[in-house]
Amino acid sequence: MKKLFYPAVFIPEEDGGFSVFFPDLPGCNTCGDTIDQSYEMAFEALGLVLSYMEDKKEPIPQASNPQDIKLEEGQFLVVIEFDMAAYKKRTESRAVKKTLTIPSWLNDAALEKNVNFSQVLQDALMEKLHIA
């Protein structure tokens, strides 16, 4: 999945914080005490919702054109950039055991060179899947 860009509506609160919602993702709301924290919380909320949808094989909604979003007084729009592969790499790093078969001569040669089989497989899969 390539990078996604979703518009988020930031609403200043009386206490100085911000509420945030995504018009394209009903129920994807968050808040923060500062603009920085609100942005980070918006990114995390977006990641949780999109990764859940992907895991459940639900269609990922197309992001709205920011110019088409109508804002109320005081609200402002921030476009959040989201990279699913980077998000999953950061949040879902649990190890999964895989069993594979290779020719014995290749195994012997790799053992002689102290090759880390797990790392080689990870690197090869990331290259094959075009994941940076």
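User: Contact means heavy atoms within 4.5 Å. Among contacts in the protein chain between residues at least 6 apart in sequence, what percentage join residues at least 24 apart?
Analyst: Happy to help! This is a predicted model, where local features need pLDDT of at least 70 and side-chain atom pairs count only at pLDDT 80 or more, while totals for chains, interfaces and linings use all residues. Residues are numbered from 1 along each chain as its sequence is written, and side-chain values use heavy atoms, leaving out hydrogens and water. For the contacts you ask about, the share is 58%.

User: What pattern does the protein chain follow along the sequence?
Analyst: Helices (H or I, at least four residues) and strands (E, at least two) are DSSP runs numbered from the N terminus. The chain has four helices and four strands. Read in sequence order, they give β-β-β-α-β-α-α-α.

User: In what order do the four strands sit in the open sheet?
Analyst: Two strands pair if DSSP finds at least two bridges between them. Here the pairing is antiparallel. β3 (29–32) and β4 (76–82) each have a single partner strand, so one side of each lacks a neighbour in the sheet. The order is β3-β2-β1-β4.

User: Which residue in β4 is the bridge partner of Ala 8?
Analyst: Strand β1 covers residues 4–12 and runs antiparallel to β4. Seven bridges join these two strands. Across from Ala 8, the partner in β4 is Val 78.

User: What angle does the direction of helix α1 make with that of β4?
Analyst: Helix α1 (residues 35–55) packs on the sheet and touches β1, β2 (18–21), β3 and β4. Axes are lines fitted to C-alpha atoms, for helices over the stretch in contact, and angles run from 0 to 180 degrees between N-to-C directions. For α1 and β4, the angle is about 50 degrees.

User: Is Thr 30 buried or exposed?
Analyst: Thr 30 lies in strand β3. Beyond neighbours within four places in sequence, its contacts include Phe 18, Val 20 and Met 41. Buried means under 20% relative accessible area, exposed over 50%, and partly exposed in between (1.4 Å probe, protein chains only). At 15% relative accessibility, Thr 30 therefore counts as buried.

User: What is the radius of gyration of the protein chain?
Analyst: This radius is taken over C-alpha atoms, and the globule rule is 2.2 Å times the number of residues to the power 0.38. For 132 residues the rule gives 14 Å, and the chain's value is well over that, so the chain is more spread out than a compact globule. The C-alpha trace spans about 70 × 30 × 20 Å along its principal axes. The radius of gyration is 21 Å.
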